[in-house]
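Here is a short briefing to read alongside the sequence and the model. It moves from the sheet and its helices to the cores and then the cysteines.

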Amino acid sequence: MSTPASPQSNAPTPAASHKPLDRASLPHNEVVVVLDFGGQTAQLIARRVREAGAFSLLITPKTPTSEIKALAPKGIILSGGPASVYDEGAPTCDPALFELGIPILGICYGMQLACHMMGFHVDKGDSREFGRAALNIKDRRDLFGAIPEKTAVWMSHGDQVHPGTAPGTPTLRGGRLEVLASTDTCPIAAARVVDPMPGGLKFYGVQFHPEVTHTPHGVDILRNFLYEICKCSGSWRMADFLDTEIARVRERVGKGGVICGLSGGVDSSVCAALLHKAIGDQLQCVFIDTGLLRKNERELVETTFRDHFHIRLKVIDAADAFLADLKGVTEPQAKRKAIGARFIRVFEETQLSMGLHGHNFLAQGTLYPDVIESGHSAAGTSAAIKLHHNVGGLPDDLEFDLLEPLRDLFKDEVRKLGEVLGLPDQIIWRHPFPGPGLAVRILGEVTREKLDLLRDADEILLEEIVASNLYRSTSQVFAVLLPVRSVGVMGDGRTYESVIAVRAVETQDFMTADWARVPFNVLATISNRIINEVRGVNRVVYDISSKPPATIEWE
């Protein structure tokens, strides 16, 4: 078993129909593919590979070996997953994968599955091993080159690979399993399979998770796989991505036009800047005032993009329509679907009213985490954590062709791309704001009165975070209006008013996050100001939940 964090309870969504992989569409000519077996950190593996300078691609294990071979990958990584190799319907991959002669690294379930398929003995454990373990390295060549003989690793598994072969099962091509490292409870914590045939099988497996920060030398182990074993060049750079993506956008759009949904956040801003560099005045940016925005958001966007960047910008006031759609809606996924559908209707109306008949493309700043959390990843095995309004929340009758140039990037990669594009720091490092806006920060029904209250509280919160020089050291800070009231005392009189929750997190990729240790004196000032300055609030609480098991947003 795998997954070094508590899995979400959501059932996996069915995989979409398989779309053949196309090497020509990749933003780099050197790729490492990651087969996603459903582990919540599969995308983290992909991100670690990119951080190390190699382009990674997360794909479904059902991908035919012929398609993987056509990508000419430098290496293949098999991710962890929540299953046991002995479970009915456990995910698997094409056995021909091991005949390609391409280096393969199996992580946790990926190691167990590969060893099981190659004929080695995998024991179904009676209990899980979860948490930090001391790794004793026996062979410090290739995979463990320059790694200390004793180091900490993060375990999360039930099954284990054991010495010898499965009864009555020959090993693939007569390969031999060599033990590279062990722990007190796991005799084969890392292994290498030696193939007697020249140019044949090149397999390495680790029972622990090198991709998580709890494995201090995990990144070094992955780099050893990429550079010592796969012989990657380490040439994946944002400037390369920009050049490739600009060429791809120009080819796809041709002489047509693009409408870009601009929110003023990091993602849509970088998306708009990239498209403007690619197609110039063929781009029409549209900012929709949903009525669900932060205070003064509309003015900021108009000033920044129309006046500073000289990008064609149309501002649409659609607050009444959005609030009408949300009337009586309390379920989070229903909110996201309603908002996603209304966005598209407004874009369609704008296309007609402005005579943009040739603007058949709709551009969005969709990121890789959005796609994964909505259950729309290429792997098709991740649980649907929540529907992002611009992915799972889109209506079925969408008439636009979607253009999502950032769809394969993580948040930190988008910031790097913004730097390459020359965007100012105040935009690049702006804290993320959800597409559905304050609607998913008001638990329960959304009303104008609640929006005004939350806007005021959120403004105070951000003012104090900035004043305390904490904005850049935190990744996202915001206020949430809870659907409860509490008893309080003001001026010797009883109050029964709303509760505000403050959420502040630190993260690199927004796939995992920890709550920020904001100093108590700063929290005290924030609480005091909100309670005294925002009419209708008499209690402020601080959210100390990590992701997982919680998500960053409350809805």
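Two strands count as paired if DSSP finds at least two bridges between them. With that in mind, 5 strands of this predicted model form an open, parallel sheet in the order 14-13-12-15-16. The protein as a whole has 14 helices and 20 strands, and buried residues make up 59% of its 555 residues.

**The parallel sheet**
- Strand 14 (313–317) and strand 16 (401–403) are the edge strands, each pairing on one side only.
- On average, neighbouring strands in this sheet are turned by 30° against each other, with direction ignored.
- Strand 15 (residues 361–363) is joined to strand 16 by 3 bridges, and the two run parallel.
- One residue to look for here is F361, whose bridge partner in strand 16 is D401.

**Helices across the sheet**
- Helix 5 (residues 238–253) lies across strand 12 (258–261), strand 15 and strand 16, and runs at about 165° to strand 16.
- Helix 9 (residues 332–353) lies across strand 12, strand 13 (283–289), strand 14 and strand 15, and its angle to strand 13 is about 130°.

**Nonpolar cores**
- In soluble globular proteins, nonpolar side chains tend to be buried together.
- The largest nonpolar core here has 120 residues, and L35, L275 and L417 have the most contacts inside it.
- Helix 6 (residues 266–279) gives this core its largest share, 9 residues.
- Leaving aside residues up to four places away in sequence, L417 touches M238, F241, L242, V270, L274, L406 and L409.
- A second, separate core of 39 residues includes I107, F144, F208 and Y227.

**Cysteines**
- How many disulfides does the model hold? The count comes to 0 disulfides, taking a disulfide as a pair of cysteine sulfur atoms within 2.5 Å.
- C186 is in no disulfide, and its nearest cysteine sulfur, that of C108, is 9.0 Å away.
- Is C186 buried or exposed? C186 counts as buried because its relative accessibility is 0%, and the cut-off for buried is under 20%.
- C115 is buried too, with a relative accessible area of 0%.

**Contacts and surface**
- Among contacts in the protein with a separation of 6 or more, 76% are between residues 24 or more positions apart.
- The protein exposes about 22,700 Å², and carbon and sulfur atoms supply 51% of that area.

How values were computed:
Residues are numbered from 1 along each chain as its sequence is written. This is a predicted model: local features need pLDDT of at least 70, side-chain atom pairs count only at pLDDT 80 or more; totals for chains, interfaces and linings use all residues. Side-chain values use heavy atoms; hydrogens and water are left out. Buried means under 20% relative accessible area, exposed over 50%, partly exposed in between (1.4 Å probe, protein chains only). Helices (H or I, at least four residues) and strands (E, at least two) are DSSP runs, numbered from the N terminus. Axes are lines fitted to C-alpha atoms, for helices over the stretch in contact, and angles run from 0 to 180 degrees between N-to-C directions. Contact means heavy atoms within 4.5 Å. A nonpolar core is a set of buried Ala, Val, Leu, Ile, Met, Phe, Trp, Tyr and Cys residues joined through side-chain atoms within 4.5 Å. Accessible areas come from the Shrake-Rupley method with a 1.4 Å probe; for residues, only the protein chains shown count as cover.
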